[in-house]
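Colleague: Before we discuss this model, may I ask you to justify the terms you apply to it? Please show me the structure and begin with its interior.

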Amino acid sequence: MNITYKDIHDFTQDELQALFLSVEWSSGHYPEKLVIAMQHFETVYSAWDGDRLVGLICAMDDSIMTAYIHYLLVHPDYHGMKIGRTLVDMIKQKYCDYLRLVIVAYNDEKHFYEHCGFKAAEESSPMFITSLWT
C-alpha cells in the first residue's frame, strides 16, 4: 500500500461522502455541500491509496496570525498508519509562522492531538450552533 498526499481542493461527491460516512460524520450526508466547502477552504491536504480518498485535513486562516483546523479524518481501514499524523504535520509546517493553530477536538480524540503538540485550553470551551448530529 503506497499512500500519496495531495494539495488539492477538487473532490467528487462520492469521494467525500465515502470518507465522511466511514467515520460516521453526519456531514457525509451532504456531499454536495462538502464539495463546495473543500473549494473554499484555504488549505486542504488529502491522503490517497491509489484513487481512493483515505484521509483529509482542512484549515482556514486569517492569512497571518491564526489558523483553524476544521476537518481531520482518516478512513478506519487506514487507522494506525500515521496518515493523520502526517496530515497534521503538513498543516503545522504550512502554518509554522502563525501565532496560533486551533482545533476543536472530540473528547475521544484529545490524546491524538496532544501527541501532535496541541494542548487543551483551561480557560475556554468550544461552543456551537449546529444542525449536525456528529
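Modeller: This is a predicted model. Its largest nonpolar core holds 21 residues, and those that touch the most other members are Ile57, Ile83, Ile91 and Phe118. S2, S3, S4 and H3 each supply at least two residues of this core. A second core, separate from it, has 16 residues, among them Phe11, Phe41, Leu53 and Cys58.

Colleague: What makes such a set a nonpolar core?

Modeller: The members must be buried nonpolar residues joined through side-chain atoms within 4.5 Å. In soluble globular proteins, nonpolar side chains tend to be buried together.

Colleague: Which residues does Phe118 touch, leaving aside those up to four places away in sequence?

Modeller: Phe118 is in contact with Ile69, Val88, Leu101, Ile103 and Tyr113. Contact here requires heavy atoms within 4.5 Å.

Colleague: How do you know that the length of H3 agrees with that of a helix?

Modeller: H3 comprises 12 residues, 83-94, and at 1.5 Å a residue these should span 16 Å. The end C-alpha atoms are 17 Å apart, so the two values agree. The buried residues of this helix are Ile83, Gly84, Leu87, Val88 and Ile91. Because they cover an arc of only 135 degrees around the axis, they lie on the same side of H3.

Colleague: What covers the buried residues of H3?

Modeller: The cover includes strands S1 (3-6), S2 (43-49), S3 (52-61), S4 (66-74) and S5 (100-103), together with helix H4 (110-115).

Colleague: Which residues of H1 are buried, and why are they placed on the same side of H1?

Modeller: Leu16, Leu19 and Phe20 are the buried residues in H1. Their arc around the axis is only 95 degrees, which puts them on the same side of H1. H2, S3 and S4 are included in what covers them.

Colleague: Why is Glu24 called exposed, and what is its phi?

Modeller: The relative accessibility of Glu24 is 64%, and exposed means over 50%; Glu24 therefore counts as exposed. Glu24 lies in the loop between H1 (13-22) and H2. Its phi is positive, about 60 degrees, although Glu24 is not a glycine.

Colleague: Where does Lys82 lie, and is Lys82 buried or exposed?

Modeller: Lys82 is in the loop between S4 and H3. With a relative accessible area of 62%, against a cut-off of over 50%, Lys82 is exposed. Phi of Lys82 is also positive, near 65 degrees, in a residue other than glycine.

Colleague: What makes Arg100 exposed, and which residues does Arg100 touch?

Modeller: Arg100, found in strand S5, has a relative accessible area of 53%. The cut-off is over 50%, so Arg100 is exposed. Arg100 nevertheless touches Met65, Thr66 and Ala67, not counting residues up to four places away in sequence. From C-alpha to C-alpha, Arg100 and Val74 are 24 Å apart in space, and they are 26 residues apart in sequence.

Colleague: What is the volume of the largest pocket, and which residues are the closest to its centre?

Modeller: About 1,300 Å³ of space lies in the largest pocket. It is lined by 39 residues, of which Trp25, His70, Leu72, Tyr106 and Tyr113 are the closest to the centre. H2 (31-40), S4, H3, S5 and H4 each supply at least two residues of the lining. S4 gives the most, with seven residues.

How values were computed
Residues numbered from 1 in each chain as written. Predicted model: local features only at pLDDT ≥ 70, side-chain atom pairs only at ≥ 80, totals over all residues. Heavy atoms only, no water. Helix = DSSP H or I, 4+ residues; strand = E, 2+ residues; numbered from the N terminus. Expected span 1.5 Å × (residues − 1). Buried < 20%, exposed > 50% of the residue type's maximum accessible area, 1.4 Å probe, protein only. Arc of directions from axis to C-beta. 1 Å grid on protein atoms, 1.4 Å probe; cavity = no way out; pocket = protein on both sides within 12 Å on 5 of 7 lines; lining within 4 Å. Points joined across faces, edges and corners; volume = space filled by probe spheres on them.
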